[in-house]
Each structure stands twice: as C-alpha cells, then as structure tokens.
Amino acid sequence: LTFNYTVAVGHNSADLDYTSTSALALNGGTMKDVVGNDAVLTLASPGAVGSLGANKNIVIDTIAPAITSFSINGTGCSGSPCTATITTNAALNIAWATNNDAGGSGIQKYEVWRAPDGGAWACIIGIGCAVNRNANPAGETDNPADGTYWYGVHAIDNVNNCISEDTTNADKGHACGGVVSDSLDTRADKG
C-alpha cells in the first residue's frame with residue numbers, strides 16, 4: 001500500500017506514528033487478498049514493534065527557527081524592522097540570539113546577510129556564502145568598505161525551514177524559502 005500525505009503548516013512530529021491500532025480505515029471500501037479474504041486492519045500499537053514509529057524515524061517540522069535578538073557593536077532592537085544606526089571606522093561585531101528552534105528539528109546553520117543601503121542582499125558568512133562555513137552561533141565580525149549597510153541573520157533548521165527577510169520592505173529583499181518571518185535587520189553606517 002502507498003499512502004500520500006500533504007504536510008501543512010502546524011503539522012509537526014518528532015517521530016511520526018499513527019494514533020491507535022484502529023487508525024487504518026477503509027472509508028466504506030473493502031480490501032481483500034488475491035483469494036478474497038478480508039484484510040486485517042488492526043495495526044500494531046503505536047510505538048510497539050511493527051508500528052510505523054518503531055520502524056521509521058519520520059520527522060515532520062513546519063516550525064521555523066526565530067532570531068530573538070540582533071545587534072551590531074552592542075546596538076540593536078527587539079522589534080522589526082530594526083532602526084538602530086551604528087557609525088564606526090572599525091570592524092562590526094554582529095551578534096544574535098535564537099529560540100534554538102524550540103519544538104522543531106534543531107538548528108542546522110546560520111547565515112549572515114548584508115546589503116548596501118538600497119542595494120541587493122548578499123550572503124557574506126555561512127554555507128554557500130562568500131565565506132563558505134557555518135556562521136558562529138555566538139556572532140560574527142564584518143569589516144566592509146566605508147558605507148551604509150543593512151545586516152540580517154538567518155537561522156536554518158535541520159529540515160531547511162528558515163527565517164527570511166521581509167520582501168515587502170524596500171530595504172529588505174532576500175528570501176531564503178521555508179517558513180517566512182523576519183530576522184530583525186539592523187543598519188550600520190561604516191566610515
């Protein structure tokens with residue numbers, strides 16, 4: 001038998017299993033073997049040997065991780081969009097905190113994104129970015145040329161749910177897919 005299931009927002013399971021031994025129902029239909037015997041529809045107890053949960057490790061995670069705070073050189077905000085402006089000639093210390101994907105599959109990686117004021121976003125630190133490594137969960141340092149920049153950080157969980165920039169705001173524009181929320185962008189004037 002093949003069962004198809006469409007996962008929707010709010011459907012989450014750390015180890016998918018059915019709910020009871022009578023969860024297999026034919027909805028008015030019949031199921032018989034090749035000689036005409038009725039199929040036995042009683043399933044193994046959930047979690048027991050022979051059950052879906054005991055035989056397969058199927059994780060369903062529609063929960064995106066969340067960035068709970070974001071700052072540059074100690075200045076940041078707790079709302080979105082972040083309006084903090086930092087002026088410095090030195091390297092910028094970028095720091096953030098997350099919910100560690102509470103209720104989800106756990107954090108896979110972080111990415112730090114930067115856009116010149118009014119310009120296009122580019123991933124600057126993280127897997128697949130200009131600096132091809134996982135961003136440090138405690139924070140990163142960036143030292144771009146003098147100018148005004150927007151920064152954001154993305155947290156991607158183990159099933160690729162990701163927070164992303166709000167594409168409705170002119171100062172933002174990179175979307176990373178998965179479940180969309182905002183990463184508390186902040187602006188930095190350097191130079």
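What follows is a walk through the nonpolar cores of this predicted model and the strands around strand S4.

Start with the largest nonpolar core, which holds 17 residues. Six of them touch the most other members: Phe70, Ile72, Ile94, Trp96, Val112 and Tyr151. Five strands each supply at least two residues of this core. They are S1 (67-72), S4 (92-98), S5 (107-116), S6 (122-125) and S8 (147-157). S8 gives the most, with four residues. Apart from this core lies another one, of six residues. Trp113, Ala115, Cys123 and Cys129 are among them.

Now turn to S4. This strand has two faces. Leu92, Ile94, Trp96 and Thr98 form the covered face. Asn93, Ala95 and Ala97 form the uncovered one. Two residues of the covered face, Ile94 and Trp96, are also among the core members that touch the most others.

Next come the partners of S4. S1 pairs with S4 in the antiparallel sense, over five bridges. Within S4, Ala97 stands opposite Ser69. S7, residues 140-142, also pairs with S4 in the antiparallel sense, here over three bridges. In this pairing Ile94 stands opposite Glu140 of S7.

Finish at Ile94. Leaving aside residues up to four places away in sequence, Ile94 touches Phe70, Ser71, Ile72, Val112, Gly139, Glu140, Asp142 and Tyr151. Phe70, Ile72, Val112 and Tyr151 belong to the largest core, as Ile94 does. Glu140 is the residue that stands opposite Ile94 in S7.

How values were computed. Residues numbered from 1 in each chain as written. Predicted model: local features only at pLDDT ≥ 70, side-chain atom pairs only at ≥ 80, totals over all residues. Heavy atoms only, no water. Core = buried A, V, L, I, M, F, W, Y, C linked by side-chain atoms within 4.5 Å. Buried < 20%, exposed > 50% of the residue type's maximum accessible area, 1.4 Å probe, protein only. Contact = heavy atoms within 4.5 Å. Pairing = 2+ DSSP bridges.
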